[in-house]
Amino acid sequence: METKRSSFTGKIGFVLAAAGSAVGLGNIWRFPYLAAKYGGGVFLLVYIALSVTFGFSLMIAEIAIGRKTGKSAVMAFGELDKRFSAVGFIASLVPMLILPYYSVIGGWVLKYFAGFVSGGAAEMANDSYFGGYISSVGQPLFWFALFIGITAIVVLFGVEKGIEKVSKVMMPILVALTLFIALYTIFAVDGAWEGVKYYLMPDFSHFSLMTVVAATGQLFYSMSLAMGIMITYGSYMKKDISIEKSAKQIEIFDTGVAFLAGLMIIPAVFAFSGGDESALGQGPGLMFVTLPKVFEAMPGGTVIGAVFFFMVLLAALTSSISLMETIVSIFMDKFRINRRISCLIVLAFSVLLGLPSSLGYSVWGNVKILGMQMLDLFDFLSNSIMMPIIALVTCIFVGFILKPKAVIDEVTVNDTPFKWRGLFSVVIRYIAPVCILAILISSVLSAFGIITI
Ligand code: PHE
């Protein structure tokens, strides 16, 4: 921990590590299916609007809190104000909830990569393949265990430098490939234009409160906000680096990848479902069902598919590593245990918690809580309940207890400019808390079936 505090040597190191955590399955798998389900163009518009206001302000606040205190989330809030120490504690529970189910999906990606490499591309393009696969028991568990095992090994060895180098090369390739696949679908596959229109032209009749709820949850998730990660990363950041510029770069990168992923998947759904809109509501399976079909239709698609799933795998791994690293370092700090033991404990409970998420598609398919199966439940609890609560408390804390000035002082240390400070203060004090509260109430009410949104 201590040695790591100095490990971000420059701006690139910080931005890359933060972007490595931010860009992951959230962008490539989760964003497109939410955008498809909750309104297409309207969702995109709402998401971008939230990203330059909420996302920007919260990201700045978290990085500044981390850098100011030099502490990770569990300790940072308490250090600034004893009454708020619980927030840090709750924030560190979020990665513990996310890591297990994230790894279940990571396992699906690993399986698809292996499938493309071993010549199973045609089989995977079959409509019922994905459903059949996740509703089997042994295989998904095996790939889940392998994914989380790889994550644990990397965290155990702490080869962060390696990961950083890998992301530097891989991330641009991922962006280029995504763009290529999107363009291929749009121009070479019949019926894709309808999807482009659905995705890029906001149709306000598709707008609902759920568009905003889903977009906000996705924003926190995608930018790794409201779970202490950016606080911890901020504590590793040097004083002469501009927080504002870094936050903007992370945001542009993160939103850019999500945007391209949507452009790659949504037109493909339209093309392959023959314009049947119900295909948009498919949810988590979207990437795994439509993309193999695009690859099947493409000359050389098997190779491109293999390379693509390999890239997604790396993006997922850099994120799962950041999740596990955060939990492992919290355990090391709190319980004064060494990295190896901490890693083993985290691995063991993540496997345990991941089991119901994986089995929820097969033998435990009947176990439903609040009408959701386990993976959806974990996703809902972390994204729609805990993260908004943490974000709300962070806003109130920064806006009224610590005061925006403290964050502004930290951002402008060494005379670094802070251009959007006015926006920051207004959003963090008034706009964000009111909206987040409204979102929180509506998602709780809808989970209990009191309202439908
Ligand atoms: N932001 C990551 C993604 O978009 C997921 C993640 C969440 C990573 C929380 C770390 C912490 O996939």
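Visitor: What makes the pair formed by Gly26 and an oxygen atom of the ligand a polar contact?

Guide: This is a predicted model, and in it a polar backbone atom of Gly26 is 2.7 Å from an oxygen atom of the ligand. The cut-off for a pair of N or O atoms is 3.5 Å, so the pair counts as a polar contact.

Visitor: How do you know that Leu25 and Asn27 make polar contacts too?

Guide: Same test. For Leu25, a backbone N or O atom lies 3.1 Å from an oxygen atom of the ligand. For Asn27, an N or O atom of the side chain is 3.1 Å from a ligand oxygen atom. Both pairs are within 3.5 Å, so both qualify. As for cover, the protein takes 100% of the 320 Å² of accessible area that the ligand has on its own.

Visitor: Why is the space taken by the ligand called a cavity?

Guide: Because a 1.4 Å probe fits there but cannot get out, going by the protein atoms alone. This space is the second largest cavity, with a volume of about 120 Å³. Among the residues closest to its centre are Ser21, Tyr102 and Ser319. Helix H15 (301–335) gives the largest share of the lining, three residues.

Visitor: What makes Tyr102 one of the residues that surround the ligand?

Guide: Being near takes a heavy atom within 4 Å, and Tyr102 is among the closest of the 15 residues that surround the ligand, so Tyr102 belongs. By class, this shell has seven nonpolar, eight polar and no charged residues.

Notes. Residues numbered from 1 in each chain as written. Predicted model: local features only at pLDDT ≥ 70, side-chain atom pairs only at ≥ 80, totals over all residues. Heavy atoms only, no water. Polar contact = N/O pair within 3.5 Å; in protein donor to acceptor, adjacent residues only side chain to side chain. Areas by Shrake-Rupley, 256 points an atom, 1.4 Å probe, with all protein chains shown as cover. 1 Å grid on protein atoms, 1.4 Å probe; cavity = no way out; pocket = protein on both sides within 12 Å on 5 of 7 lines; lining within 4 Å. Sits in = over half its atoms within 2 Å of the grid points. Helix = DSSP H or I, 4+ residues; strand = E, 2+ residues; numbered from the N terminus. Nonpolar A, V, L, I, M, F, W, Y, C, P; charged D, E, K, R; others polar. Points joined across faces, edges and corners; volume = space filled by probe spheres on them.
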